[in-house]
Amino acid sequence: MPTKLRDLAPPTARAELGALLVVAGLFFIAIPLALGAIGLSWDALNHHIYLGWTAFAPRFDRDFLAASYQSFQSPYLYWPVYKLYQAGFSGQWAGAILASLNLLAVPPLWMLARTCITETSWYGSAMRWLAVALAFTSAVVLSMFDTTANDLLAAIPLVWAIALGMAPWDPQRAPWMTPARLVVLSGLCAGMAVAFKLSNGPLAILMPLLWVLQGPSLLQRVRHLLLGGVATIVGLVLSYGYWGWQLWVHYGNPIFPFYGHWFAPLAGWLGWQP
């Protein structure tokens with residue numbers, strides 16, 4: 001019988017990721033539970049709950065600047081905050097539920113670690129676990145576990161986009177994960193990230209640098225570049241389209257009330273005015 005860890009068969013990829021999700025989940029929810037509550041910043045009191053409300057029931061015909069200019073940002077990631085508040089959850093358990101949503105960041109971080117650390121051994125598994133843990137040790141990231149802010153949630157699709165964009169270099173990826181499919185999925189996630197937070201745009205616009213490297217020939221690389229670009233637009237439209245349409249109807253543009261002049265030529269060409 002094996003007596004040392006190195007004599008045991010290393011865990012499968014599924015077992016390694018599953019165990020990591022369990023440990024990370026326990027750590028995430030332990031933070032608000034240990035603190036006894038979740039922090040209520042000025043942003044939480046000003047617009048977090050209000051935006052969650054407008055995600056459920058838009059109020060453009062009734063309110064104007066109800067939560068200052070934050071009223072016009074995409075509200076859908078704040079919907080859980082509003083529902084937890086409405087349901088009367090305590091600060092501890094509301095914080096635990098919100099913290100658990102950040103588990104969505106663990107699989108893409110693990111995928112990035114596996115792309116860079118390909119060794120199939122206990123040592124390789126330990127290094128991948130440490131790499132994922134390192135990603136959460138930033139003071140900025142840890143501060144997101146004691147707040148209602150959605151900055152970390154909004155960044156998760158971008159992490160997925162990067163992980164999927166680099167996955168073709170992972171020799172252990174599943175057979176269905178062809179470079180073309182991964183580029184499409186990466187583009188969809190990049191578009192979703194921009195929809196959730198427009199400030200993700202400067203990072204998402206760099207994604208073609210990853211897509212263009214996939215493929216042995218120039219033709220395939222150009223094809224992947226086009227696929228990723230179209231997928232990004234589709235992801236943006238699917239994630240932001242409804243909210244952007246509501247802004248367009250009320251203010252003449254899909255971004256912000258005072259940017260109507262940017263879209264006036266398009267509105268005139270369509271023969272439509274808000």
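What follows is a walk through this structure, from the overall fold down to a few helices and one buried side chain.

Keep in mind that this is a predicted model. The protein chain has 13 helices and 1 strand, so let's start with how they are ordered. Going along the sequence, the pattern is α-α-β-α-α-α-α-α-α-α-α-α-α-α, with the strand coming after α2 and before α3. The C-alpha trace spans about 75 × 55 × 25 Å along its principal axes. Of the 274 residues in the chain, 41% are buried. If you take the contacts between residues at least 6 apart in sequence, 67% of them join residues at least 24 apart.

A good place to zoom in is α5, residues 106-116. Here 10 of the 11 residues are buried, so the helix is largely enclosed by the rest of the structure. The buried set runs through Val106, Pro107, Pro108, Leu109, Trp110, Met111, Leu112, Ala113, Arg114 and Thr115. And what does the covering? Among the elements that do it are α1 (13-35), α6 and α8 (151-166).

Take α6 from that group, since its packing against α5 can be described in some detail. This helix covers residues 122-135, and its axis comes within 9 Å of the α5 axis, with the two crossing at roughly 130°. An angle like that falls short of the over-145 range for roughly antiparallel, and α5 and α6 are therefore oblique to each other. The crossing is right-handed. On the α5 side, the contact uses Val106, Leu109, Trp110, Ala113 and Arg114, while α6 brings Arg128, Ala131, Val132 and Ala135. Sort those residues by class and you get 7 nonpolar, no polar and 2 charged. Notice that the α5 contributors, Val106, Leu109, Trp110, Ala113 and Arg114, also turn up in the list of buried residues of α5.

Now follow α1, another of the helices covering α5, over to its packing with α4. The axes of α1 and α4 come within 8 Å and cross at roughly 155°. That makes α1 roughly antiparallel to α4, and the crossing is again a right-handed one. From α1, the residues in contact are Phe28, Ile29, Pro32 and Leu33; α4 answers with Gln92, Trp93, Gly95, Ala96, Ala99 and Ser100. The class breakdown here is 7 nonpolar, 3 polar and no charged.

From α4 it's a short step to α3, because α4 (91-100) is one of the elements covering the buried residues of α3, and α2 (42-56) is another. Helix α3 takes in residues 79-87, and its buried residues are Val81, Tyr82 and Leu84. Look down the axis and these fall within an arc of 165°, so they line one face of the helix. Just past the end of α3 sits Gly88, with a positive phi of about 80°.

Last stop: Gln246, out in helix α12 (residues 218-251). Is this glutamine buried or exposed? Its relative accessible area is 5%, so it counts as buried. Which residues does Gln246 touch, leaving aside its neighbours within four places in sequence? Those contacts are Pro58, Phe60 and Tyr76.

Definitions and conventions: Residues numbered from 1 in each chain as written. Predicted model: local features only at pLDDT ≥ 70, side-chain atom pairs only at ≥ 80, totals over all residues. Heavy atoms only, no water. Axes fitted to C-alpha atoms, helices over the stretch in contact; angles between N-to-C directions. Helix = DSSP H or I, 4+ residues; strand = E, 2+ residues; numbered from the N terminus. Parallel < 35°, antiparallel > 145°, perpendicular 65-115°, else oblique. Left-handed = near helix turned anticlockwise from the far one by under 90°. Contact = heavy atoms within 4.5 Å. Nonpolar A, V, L, I, M, F, W, Y, C, P; charged D, E, K, R; others polar. Buried < 20%, exposed > 50% of the residue type's maximum accessible area, 1.4 Å probe, protein only. Arc of directions from axis to C-beta.
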